[in-house]
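Q: Please give me a close look at one part of this model, the nonpolar core. Start from the surface and work your way in.

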Amino acid sequence: MNSNANNPVWSGSWVAERLGVELVGDEPLRDLLGLALRRNPKRAHLLVSNVLGKHVPQAPSVVYGHGFALGRRVRELLGDQAGDAVVLGYAETATGLGHSVADGVVFAPYLHSTRRPVEGVARAGGFEEAHSHATSHLLLPEDPELLAGDGPLVLVDDEFSTGNTVLNTIRELHARYPRGRYVIVALVDMRSAADLGRLDEFAREIGARVDLVTAASGTVRLPEGVLAKGQALVAEYESAGAGKPGRAGAGHDRVTRVELGWPRGVPDGGRHGFTREHRARLESALPAMAARLADALPRGVRRVLVLGFEELMYAPLRLARELQKATEAEVRYSTTTRSPVLAVDDPGYAIRSRIVFPAHDDPADGPGERYAYNVAGAGFDAIVAVVDSVADTLALHAADGLLARLAAHTPSVLLAVVPSYVPSYATERHGPPTARHRRTTPPWPSAVVAERANRPFGAPEEASDTTERSSMLPEPLRGPAFSSYAPDEVGWLLQDLSDITLEAPTEEREEAIQSGGAHYAESLPVEYQPSERYQALFHSALEESAGRIAQAVGVVTETVLAERSPRPVLVSLARAGTPVGVLMRRWARHRHGLDLAHYAVSIVRGRGIDANALRWLAAHHDPADVVFVDGWTGKGAITRELADALREFEESDGVTGFDPEIAVLADPGSCVRTYGTREDFLIPSACLNSTVSGLISRTVLRADLVGPNDYHGAKFYRELAGADVSNDFLDAVSARFTEVADAVDAQAKELLSADRTPTWEGWAAVERISGEYGIHDVNLVKPGVGETTRVLLRRVPWKILARAGAGADLDHVRLLAEQRGVPVHEVGELPYTCVGLIHPKYTRGATGADGKAVAL
């Protein structure tokens, strides 16, 4: 295959003529390779592959085809042993090639070496690459047994030159995990005559069979003094300005974020291993991901580059190959690289241009330059930059970062982020990746890039209404200025309405709400102040249930860490979700040393979630990391409300990635998949209002107080500080974390493997009760201990239905019902511990014993 068909001049002739370097060997060799000069004191020349997809943009089908064909040859060589083979690729250049070879071997397990250390993942080996600019390679398999089998080990590199790197790897691994057969795979065999006999000698030394499979073979003849001559030539051309980075960001360039919908739990590559099951899930997801990319491309685009990122070669390669099928545009593929190479704009030179930008993944060996070759001046109408989430940082989006540099050379830049995979046990032991391995500061402009699809790169903010609204929003409110929680426990994405009188008598609010004259979120009930008897009951209930709550907190947090994100952004639905979010944050810190971001936002039934809070979150965090948190489910109304609201927000703002699945402490209604328990038991934080929720009121949404660029509002009841038990509640539960740890591990493990599909049992029960009691309005039926308590504290209760035999969990309900003159009926068949019924035909005489809101 002639990959250089459009260039009749061999892309190694410039170096050959000036340095006297000769490339001799098989006929296809010059089609496969060109030559360039390294900016490296250890070696003068660089063999530049035309089919690897690293330095030279190439059709993804060609890149993948070469690797896959080599894998097929390995399979034929191994015969019956192929089913037991494991494939190992070399970072950074051969990670994608090795993965493609593994596919050709017929879905062999795959691992590649890496220069990115990951806390909690033990090294299974490591080695040095003598001539490289960055030498340390690590082997970090998730399964330590991956390299310990008896089957053949297939080692894949782009070229086999001296053989030192591969043979040193085999020697080290053979000492730890001896086996009888090894296969070395390379695109080209470039050994010198002196090195040709070393492979047989090495095989005899270790007592194993070692085979070699390549696409072509030859050698490079280097004249004496070539290193010094090469360095002088590099210095001459660089001093003259060859290959210097251009200015970033032309005014008409655009950057758009595309949410891929990467399948959860599928690794981004082979850094920790890639199994047959991973492949199956990736294959099924690829068409939809490519379709999203195709939909995001500008109309009429003719030539597209999918640009991978250093070791992240296979994922963008497969996306590019699938994109070829989804668009009529010509698609090319290459990746960024660490390799410092001289660029010379000459048809006889392999590296015609270079884009220089700062490293943007906080690499272990410190900051430095990174490069994209043969991209500038290549006539791409659009470039799709594919990075992993560790590399989606401020540096990527900065004025001198990769995206800005690319935008100077193409009319359209798309950004697709693949979630960085971290083994679950590493997260359990050490927490998610540290700052070095995962973004800890929000990228600019993060998910807001998606909202800026129509804004010229570098243009002022006014060009995007959504961006302008996001930039106008204030930072979250924090204690002690707003709430009695510590400032690091939660940030409130609310506006402070403490100085405004919003409270109305309970009977007036109920009459207005049921008549349709007002929405419940337009006013506040008179804040309940508990009697001494009720306070004593609260403390007794807390002492009794703290361990059960701590276990539920641990289970739901572990489930979130395992299934949703290794470093989730907790977003509580104010206010019942806020204490739960704080406790989940405390569990993550106690058990894993994690310092999770936590915010509280407003959601209003019938009005949706605060869209401005979502805009702030999207501008500061990856929406895919956001996990919405609530205290409990009743009939599932808020679950549905959130899903509908997020769909509307995606349509209005173009920001995708927010997951509507709520994580709750208790799910008695069977409305969600992520929960700590499905039991309906007393959560003491439901017994009170603001005095157990940081002294913050329920949220308020009223047109005269909340404008289009405002957060929803709430009040801080500073005057109730003497009755505040918010931190008492948190501390009592947190104190039980250690004692419930084993139970949490067992229950979380059981839940993670269980079928947790919501049955919506609660909703069905509410509809049945609504009909049986002649209410015919599910909004007036409030199931569960928490919701029943709210009815007694905030609304006009009619009846309380209690499950026969319910014990201490209902002591506070019975007390409140007694004080309000509300009957409590025991019911035999009830899926909840209790259900509160709001009076369906409200009159002033139906508020309670004295016809007024009761103050205790």
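A: The protein chain exposes about 31,600 Å², and carbon and sulfur atoms supply 48% of that (Shrake-Rupley areas, 1.4 Å probe; for residues, only the protein chains shown count as cover). It's a predicted model, so local features need pLDDT of at least 70 and side-chain atom pairs count only at pLDDT 80 or more, while totals for chains, interfaces and linings use all residues. Residues are numbered from 1 along each chain as its sequence is written, and side-chain values use heavy atoms, with hydrogens and water left out.

Of the 856 residues in the protein chain, 62% are buried (under 20% relative accessible area; over 50% is exposed, and partly exposed sits in between). In general, nonpolar side chains in soluble globular proteins tend to be buried together.

Now the core itself. The largest nonpolar core (buried Ala, Val, Leu, Ile, Met, Phe, Trp, Tyr and Cys joined through side-chain atoms within 4.5 Å) has 138 residues, and Leu37, Val87, Val154, Val185, Tyr349 and Leu406 touch the most other members. Strand β9, residues 181-189, gives this core its largest share, seven residues (strands are DSSP E runs of at least two, numbered from the N terminus). At least three core residues come from each of domain 1 (60-219) and domain 2 (252-418), with bounds from an automatic or database domain assignment.

Zoom in on Tyr349: leaving out residues up to four places away in sequence, Tyr349 touches ten residues' worth of neighbours, among them Trp14, Leu37 and Val344 (contact means heavy atoms within 4.5 Å). Apart from this core lies another one, of 102 residues, including Tyr485 and Val700.

Terms used:
Buried means under 20% relative accessible area, exposed over 50%, partly exposed in between (1.4 Å probe, protein chains only). Helices (H or I, at least four residues) and strands (E, at least two) are DSSP runs, numbered from the N terminus.
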